[in-house]
Each structure stands twice: as structure tokens, then as C-alpha cells.
Amino acid sequence: MIQIIGSKKCRATKKAKRFFSERGIGFQDFDLKTHRLSPGELSNIAKSVPPEELIDSDGDFYRKAGYQWREYDPLEEILEHPELLKTPVVRAAGSAVCGDAPNVWSEFVRREKG
């Protein structure tokens, strides 16, 4: 089962949901506004995506909180401030990809239909 982690207002998350829906692939919708990632879930994601790449360095929260000037542990900060997570995160069969990645999503579709 595919899991899409993001927020309802995020354009890239909407794009990921549309991508899988159009291909007839079911998915679990994980909304960061109503649920927080557990340390275990985040750790599993970080096995596929380097922790530094999980941070949305183009996001408003990142800039407003001054993260560009800080030293920090990306996983700890994401657990504390989920709005730092670059979305969507798409998980499938032990793999994950972060951000707008239709090429990788296509591979997930092939595996699901496989």
C-alpha cells in the first residue's frame, strides 16, 4: 500500500494524490496537520531519503525560523516542527521519496500493478 504524507494545502501533495488516483492506485492519506510522524516512521523514511533532503529549505517556516543560520539535527527538528518536512513524502514497499518525483512514483505504480 502506498502512503502519501503531506498536507491538504500543499500543491505537490495534491499532485501526488492525483497521480496515483489517475492510475487507479489506492493510497493512504497521512495529513501532517492532524497527525504527527512517530520517530519510527521518520527513521524508516530516512533509510530511503537522507535526513538533510527531508528539510524543506524553500519553505516559509524554514526561513522565518532562521534555519539557514542554524546547526541542527534534521530528524529531531522534523519531529518537533513537522512543517519543516518537504512534502509530499511517498512511501511504498519499504522505499520512500520526498518532494515532487513523478519518475519514482511511476516505479511505485509498476510495483503495485506488478
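Here are a few friendly notes on this predicted model, covering its nonpolar cores, one proline and its cysteines.

1. A good place to begin is the largest nonpolar core, which has 18 residues. The residues with the most contacts inside this core are Ile5, Leu37, Ile45, Leu54, Ile78, Leu85 and Val89. Helix 2 and strand 4 (95-98) each supply at least two of the core's residues, and helix 2 gives the most, with three.

2. Leu37 deserves a look of its own. Leaving aside residues up to four places away in sequence, Leu37 touches Ile5, Phe30, Leu32, Leu42, Ile45, Leu79 and Leu85.

3. There is also a second, separate core, made of 13 residues. Among them are Ile25, Ala92, Val97 and Trp105.

4. Next, please turn to Pro39, which lies in helix 2 (residues 39-46). Pro39 counts as exposed because its relative accessibility is 57%, and exposed begins over 50%. Pro39 and Ile78 are 39 residues apart in sequence, while their C-alpha atoms are 9.6 Å apart in space.

5. Finally, the cysteines. How many disulfides does a search of the whole structure find? The count is zero. For Cys10, the nearest cysteine sulfur is that of Cys98, 10.0 Å away, whereas a disulfide needs the two sulfur atoms within 2.5 Å. Cys98 is likewise in no disulfide, its nearest cysteine sulfur being that of Cys10.

6. Are these cysteines buried or exposed? Cys10 is buried, with a relative accessible area of 15%, and Cys98 is buried too, also at 15%. Both count as buried because that class covers values under 20%.

Methods:
Residues are numbered from 1 along each chain as its sequence is written. This is a predicted model: local features need pLDDT of at least 70, side-chain atom pairs count only at pLDDT 80 or more; totals for chains, interfaces and linings use all residues. Side-chain values use heavy atoms; hydrogens and water are left out. Helices (H or I, at least four residues) and strands (E, at least two) are DSSP runs, numbered from the N terminus. Buried means under 20% relative accessible area, exposed over 50%, partly exposed in between (1.4 Å probe, protein chains only). A nonpolar core is a set of buried Ala, Val, Leu, Ile, Met, Phe, Trp, Tyr and Cys residues joined through side-chain atoms within 4.5 Å. Contact means heavy atoms within 4.5 Å.
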